[in-house]
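Reader: Hi! I'm in my first year and still learning to read structures like this one. Could you take me through a single part closely, and then show me how you would look at its surroundings in the same way?

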Amino acid sequence: MITADNLSLSYGQGQTRCLAVNAVSIKVERGEFVMILGPSGSGKSSLLYLLSGLRSPSSGNVFYLGRDLSGMRASEVARIRYECFGFIFQQHFLVPYLTAVENVCMGRKDALKYRARVLLHQLHLAGKEKALPSELSYGQRQRVAVARALVHEPQVIFADEPTASVDSELAAEICDWLRQYCGAGHTCIMATHDSQLAKYASTVYSIRDGHLGSAT
Amino acid sequence: MIIPFPGLFYWRNRAKAVPLFLLVASSVLVVGTVATLTGSVLMSVYRANVKPYEAYSLVVSKQAGIPKQITNEIVACEHVEEMVPVLDSKVKVKGLFGTEGRTILAVPEDRADFCLARIGLRVKKGRLPYAGEDGIAIHEEIATAKGISIGDLVGREVNPDDYLWGMFQVTGILTGDVPYGIASLEYFKAQWALDTGELDFAYLVFPREGYRDELNSYLAMLPGNQVLVRNLGTAERQFRSESQNMDLLLWLVNFLVVAIISCAMGLLNTVHLLGRMKEYGLLAAIGLTPTQLVRRAFDEVLILAFAGYVLGIVASKGVLIYIAKWILGPRGIPVSPMGLRALMFSLPIPVMLSVFSFATIGRHLLRLDFISIMEGRD
Ligand SMILES: Nc1ncnc2c1ncn2[C@@H]1O[C@H](COP(=O)(O)OP(=O)(O)OP(=O)(O)O)[C@@H](O)[C@H]1O
Ligand SMILES: [Mg+2]
C-alpha cells in the first residue's frame, strides 16, 4: 500500500543541519497496523509527515499504491491526502470557533455531519457535539481530533501520538479502535513512545535518531 | 458546502466582526449620502437650467430688439410650431450649497397656457397673472424655498437679491418638472427700461414634435451679431463644464477618504485573517489546495465587505428619506432618490477593502508552510 525507499529528511542548513529521518525504507501492506516506537526527538513525526506526503523528503521516494508521491503535482498529493489519508496530529489543533461536530467535518462536506455524530458517540463524546473546544477537556479534544481523521473513512490513517494525553484506559480503547479499523481493510501507521501499546499493532518498528529498526 | 462555511468565523466572532462591519457600513453610509446629496444639487440645477430647453430654444437680441426680418425668418421655418415673445428674469432660492437662480418667464397672457403645457408645468393652486397685471405664478419649490404663497409679495423691492424688477404678488402655484415662474409680458414690457419699440426682445421658439435638432440647426444660421441662440446643446455644455469641476473634486476627496479608510479596514481584517493561520494550515494539511484556501479567504472578505456595504446603502437610503422629508423638503430643496451615483461612489469601499485584505493574506496562503504553522514554529 505504502512503500518508502531510502527516505531522508533534514532540517536546516550548514552548522544547524539536522537529519531527522535517515535512509528509512519501509513497506506497509493493506490491513496492517504499523506502530513506530521511539523516544522523543527520534524522528517519528517527521517520518509520518514524509509517508503521508505532508512534507517532501530531502532524498528518497514514497509510493502510494505504486505511484511516486514526489513525482506528482502538489495538487495531486493534496487530493490523495484529502480522499485517502487521515491524519491525527500530535498537537491535535481544533478550530476554536467551531463546535465538536464542525471540527470533525473540517474541510469536508456538510453531509458528513451525520457520520461525525456517530463517531463522536463511539468515542464517548455524546452530548458534546455542539461544544466548542474551549468547553472540552484535553482528552476530549484529542478524541475530536481522532474523529476528524476518521470521518471520511480514509484508506490510511496516520496517527502521531494519538494517546499522548488520554488515560491508559482510553489509550487502549483508541488503539483497539484503530486495530478494528485496520481489520476492516484499512491501514494504520501510528507513532508512539509508549511500548505498552505495541501489543495492538500487527507490525512494530523502532526508531532512534532517524534510523528505523527492523520490523518485529 | 465545505465546513466551515465562509462567514461563519465572523458570525461566531461577532465582537471582532461587528466593528469592522459597522466601519464599512458607516463609511458607505457617509459616502453614499454625500454622493446622493451632491447629485441632488446637480439634478436641481439641471432641471432649472437645462430641462426647459428640451421644450424650446431661446432667441435673444444682442441689440435693441430682434429685427423684423429675423422674426420673419424664424416664422418661415417649417420646423417651428410656435414662436412666443418673451422677457425673462430671475429670482434667487437657497440651495444645498449656496443660492441658485430660478427663471421667471414673462409671456403674453394668451400664450401662457401653451408655454406651460409644453414646458411640462401646470397650475396647482390659484391662477396665472392676467395681461398687464403685476402678478406672478411660481413653482411650488420656489414658493417653499422662499416661504411664500398666494397673496405674498416677491421681487427686488422685497428681496434685493432677486433680479426680478419691482414688486409682484403671487397669484398661483405651479407644479411640474421645471422650477419656473410665469409673469405677464404686457406688464414686464411696461416696466422694461430698454425701449425696443415695435420689436420683441426675445422669443421662445417651440419646435414641431420631433424636429428639435432640425430647428436648432436652422436657428444656428441666424446672424450671430444680431441674436444669441440658447438651446439644449448649449445649455448642456454649460451644465457639464460647471458640474465637471464639482464631480472631479468629489471624486478626488472620495478617492482619498475611501483609500484611507479601506486600507485601515483592510489592515484590521488582515489581522483577523492572520490570527487564523492555524485554521488555514489545518485545511491545507487535510488536503485543500492553496487555490482553494485563497478562494475561501476571498469569499470571507467579500461576504464581510459586501454585507457592510448593503447595510450602509440601506442606512443611507433611510437617512436620505429622513433628510428629504424633514430637513430639505420643508426648505424647498428636492432630494433625488438614491441612484447609481451613490452606488458608484461608495462601491470602491468594499472593493478596496477586499483587494487590500486579499493582497496581504493571499501571499501568505500561497506560501503556507502548514506543518510549521501547526507545530507552532512560526
Ligand atoms: N521544523 C524543524 N526544524 C528544525 N528541526 C526540526 C524541525 N522539526 C523537527 N526537527 C528536529 O528533528 C528531529 C526529529 O523531530 P520529530 O518531531 O520528528 O521527533 P519525534 O520523534 O516526533 O519527537 P516527539 O516524540 O517529541 O514528538 C528533532 O531533533 C527535532 O529537533
Ligand atoms: Mg512528534
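Author: Happily! Let's start with a word we need: a strand is a DSSP run of E at least two residues long, and strands are numbered from the N terminus. Please also keep in mind that this is a predicted model.

With that word in hand, find strand β3 of chain A, which covers residues 33-37 and holds Val34(A). Is Val34(A) buried or exposed? The relative accessible area of Val34(A) is 0%, and buried means under 20%, so Val34(A) counts as buried. What surrounds Val34(A), once we leave aside its neighbours within four places in sequence? Val34(A) is in contact with Val28(A), and also with Cys188(A), Ile189(A) and Met190(A), as well as Ser202(A), Thr203(A) and Tyr205(A). Look at Ala191(A) too: it is 157 residues from Val34(A) in sequence, yet their C-alpha atoms are 8.5 Å apart in space.

Staying in chain A, let's turn to the magnesium ion, ligand 2. Which protein atoms are its donors? They are OG of Ser45(A) and OE1 of Gln90(A), at 1.9 to 2.1 Å from the ion. These two residues are 45 apart and join distant parts of the chain: Ser45(A) sits in helix α1 (residues 44-51), while Gln90(A) is in the loop between β6 (85-88) and α3 (100-104). Their surroundings can be read from their accessibility as well. Ser45(A) has a relative accessible area of 15%, so it is buried, whereas Gln90(A), at 37%, is partly exposed.

Now follow chain A onwards to the loop between α1 and β4 (59-64), where you will find Arg55(A). Arg55(A) has a relative accessibility of 17%, so it counts as buried. Setting aside neighbours up to four places away in sequence, its contacts in chain A are Leu9(A), Tyr11(A), Tyr49(A) and Leu50(A), and its contacts in chain B are Asp369(B), Ile371(B) and Ser372(B). One of these partners deserves a second look: Arg55(A) and Asp369(B) form a salt bridge, with their closest N and O atoms 3.7 Å apart.

That pair brings us to the contact between the two chains. Which elements of chain B give two or more residues to the side that touches chain A? They are α1 (8-12), α9 (277-286) and α13 (370-374). Of these, α9(B) supplies the largest share, 7 residues. By kind, the residues on that side of chain B divide into 16 nonpolar, 4 polar and 6 charged. Taking both sides of the contact, there are 26 residues from chain B and 24 residues from chain A. Together the chains bury about 2,300 Å², with 65% of that area on carbon and sulfur atoms. Between chain B and chain A there are also 2 salt bridges and 10 residue pairs in polar contact, with both residues at pLDDT 80 or more.

Let's move into chain B and stop at His272(B), in helix α8 (residues 232-274). His272(B) is buried, at 11% relative accessible area. Apart from residues up to four places away in sequence, it touches Phe9(B), Tyr10(B), Lys16(B) and Leu20(B).

To finish, here are some salt bridges within a chain; the whole structure holds 24 over all chains. In chain B, the side chains of Arg111(B) and Glu82(B) meet at 2.7 Å, N to O. Arg111(B) is in helix α4 (residues 109-119) and Glu82(B) in strand β2 (residues 80-85), so this pair ties together parts 29 residues apart in sequence. Arg111(B) is partly exposed at 23%, and Glu82(B) is partly exposed at 23% too. Elsewhere in chain B, Glu54(B) pairs with Lys51(B), the closest N and O atoms being 3.4 Å apart. Both residues belong to a network of salt bridges that links them with Arg47(B), Glu141(B) and Asp177(B).

Back in chain A, Arg79(A) and Glu83(A) form a salt bridge at 3.0 Å between their closest N and O atoms. They are 4 residues apart in helix α2 (residues 74-84), so about one helical turn separates them. Arg79(A) is exposed at 53%, while Glu83(A) is partly exposed at 41%.

Note on methods
Residues numbered from 1 in each chain as written. Chains lettered and ligands numbered in written order. Predicted model: local features only at pLDDT ≥ 70, side-chain atom pairs only at ≥ 80, totals over all residues. Heavy atoms only, no water. Contact = heavy atoms within 4.5 Å. Buried area = accessible area lost by both parts, 1.4 Å probe. Salt bridge = Lys/Arg side-chain N within 4 Å of Asp/Glu carboxyl O. Polar contact = N/O pair within 3.5 Å; in protein donor to acceptor, adjacent residues only side chain to side chain. Nonpolar A, V, L, I, M, F, W, Y, C, P; charged D, E, K, R; others polar. Donors = N, O, S within 2.8 Å, 3.2 Å for Na, K, Ca; no water. Buried < 20%, exposed > 50% of the residue type's maximum accessible area, 1.4 Å probe, protein only.
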